[in-house]
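Visitor: I would like a close look at a single part of this structure, set out carefully and followed outward to whatever adjoins that part. Please take your time over it.

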Amino acid sequence: TLPKHVKIVEVGPRDGLQNEKETIPAEVKIELVNRLTQAGFANIEAASFVSPKWVPQMATSAEVMAGITRKPGVVYSVLTPNMKGFEAALAAGADEVVIFGSASEAFSQKNINCSIAESIERFREVAQAAKQHRKRLRGSISCSFGCPYQGQVSPDVVADVVRRLRDLGCDEIDIADTIGVGTPHQVHTVMQRAAQEFPLAQLSGHFHDTYGQGIGNIYASLEVGVAIFHASVAGLGGCPYAKGATGNVATEDVLFLMQGLGIETGIDLNAVVDAGQFISQHLGRKAVSRAGNAIVAK
Ligand code: HMG
Ligand code: MG
């Protein structure tokens, strides 16, 4: 039987926007986060405290965090690759910090400029600081289903990184398909393997829709018992260090799936469609969410 309730983490403001070439004004990002808050998400990945040389679009993160209207109980998450990022997250009042590693050595080098082992050492300090300041700690594992630089990634390596992030004290761990190449049977294998190392209830699926597998992979994850999923409004996104990668699976599509399955999310689909229209209009292009566009066309 599938879970009765799932948590959807809206990652559009961060994963969705980080790769946009034109600088998006902070007030537009703030309006997006506020609309998503109103739509009912319990967790929104709002910003990223990384080097602005590496990801210029996220340079406004402090402004965004300072400008949003927070709803009590909602967890606003930010990415923190190192202590400099953590200090900024702390100053910004983030509720959850995300350390992001990889199951691929090649991707780790390209994305955060160090090996997997070195990244864990860097994260250790961030993890300790997060505990000390009572911040939630999430660990994300890129390239869990394949890598743009090295190709195949073994489920055993994913499991090994899960174990190391668990040992750092992560409250939640994301199994991420950065380039969207995973398919449902592989998702069964990798999720089951990860669940041997970390409680299933705290594992999440972070799927990109590059090859159109996002919804299928979420269904496969539900069959394993995963009950946390990341999605991006209007299907926004792409990763600066994964060429050709498109957005996360669109939130509207995921919500339509959950409605059909009778799985509760607590989120208002129509409000998400409106938020998707808002940001797509700002970006000057059509939303890529299939369900969202169908609802708008009705
Ligand atoms: P580095 O160059 O090795 O770091 O980068 P460094 O410590 O040598 O610092 C170099 C410069 O960056 C210095 O500035 C630092 O102050 C600055 P300079 O002295 O040259 O003027 N710096 C920072 N500035 C602001 N905030 C910081 C920070 N840290 C250093 N936190 C580093 C290492 C990790 C910083 C860099 O590689 C980086 O920022 N990478 C970020 C990459 C990134 O954001 N990628 C996208 C997010 S991951 C993702 O999208 C995948 C995910 O969605 C899951 C999935 O789909 O797979 C999560
Ligand atoms: Mg991603």
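Guide: Helices here are DSSP runs of H or I with at least four residues, numbered from the N terminus, and in that sense M258 lies in helix 10. Everything that follows is read from a predicted model, and the values are computed from its atoms.

The part I have chosen is helix 11, and helix 10 leads to it, since helix 10 (251–261) is among the elements that cover the buried residues of helix 11. Within helix 10, M258 counts as buried because 22 C-beta neighbours lie inside 10 Å, and a residue needs 20 or more to be placed in that class. Setting aside neighbours within four places in sequence, the contacts of M258 are with V6, I263 and T265. For a longer separation one can take V74, which is 184 residues from M258 in sequence and 21 Å from M258 in space, C-alpha to C-alpha.

Helix 11 itself runs over residues 269–283, which makes 15 residues. From its first C-alpha to its last, helix 11 reaches 21 Å, close to the 21 Å expected at 1.5 Å a residue. The buried residues in helix 11 are L269, V272, V273, A275, G276, Q277, I279 and S280. Besides helix 10, the elements covering these buried residues include helix 2 (26–39) and helix 12 (290–297). Just after helix 11 comes G284, whose phi is positive, at about 75°.

The packing against helix 12 can be described in more detail. Two packed helices are described by the angle between their axes and by the distance between those axes. For helix 11 and helix 12 the angle is about 95° and the axes are 10 Å apart. Angles of 65 to 115 degrees count as roughly perpendicular, and therefore helix 11 is roughly perpendicular to helix 12. On the side of helix 11 the contact is made by V273, G276 and Q277, and on the side of helix 12 by G292, I295 and V296. By class, the residues of this contact divide into 3 nonpolar, 3 polar and no charged. V273, G276 and Q277 also appear among the buried residues of helix 11, so that one list of residues can be read against the other when you inspect the structure.

Helix 2, another of the covering elements, leads on to the loop that joins helix 1 (12–16) to helix 2, where T23 lies. T23 counts as exposed because 11 C-beta neighbours are found inside 10 Å, and a residue with 12 or fewer falls in that class. The C-alpha atom of T23 is separated by 9.0 Å from that of M58, although the two residues are 35 residues apart along the chain.

The positive phi of G284 belongs to a glycine, and it may be set beside two residues other than glycine. N113 has a positive phi near 65° and sits in the loop between helix 5 and helix 6 (116–132). R134 has a positive phi near 55° and is found in the loop between helix 6 and strand 5. N113 is exposed, with 12 other C-beta atoms within 10 Å, and R134, with 7 C-beta neighbours inside 10 Å, likewise counts as exposed.

Methods
Residues numbered from 1 in each chain as written. Chains lettered and ligands numbered in written order. Predicted model: local features only at pLDDT ≥ 70, side-chain atom pairs only at ≥ 80, totals over all residues. Expected span 1.5 Å × (residues − 1). Contact = placed C-beta atoms within 7 Å. Axes fitted to C-alpha atoms, helices over the stretch in contact; angles between N-to-C directions. Parallel < 35°, antiparallel > 145°, perpendicular 65-115°, else oblique. Nonpolar A, V, L, I, M, F, W, Y, C, P; charged D, E, K, R; others polar.
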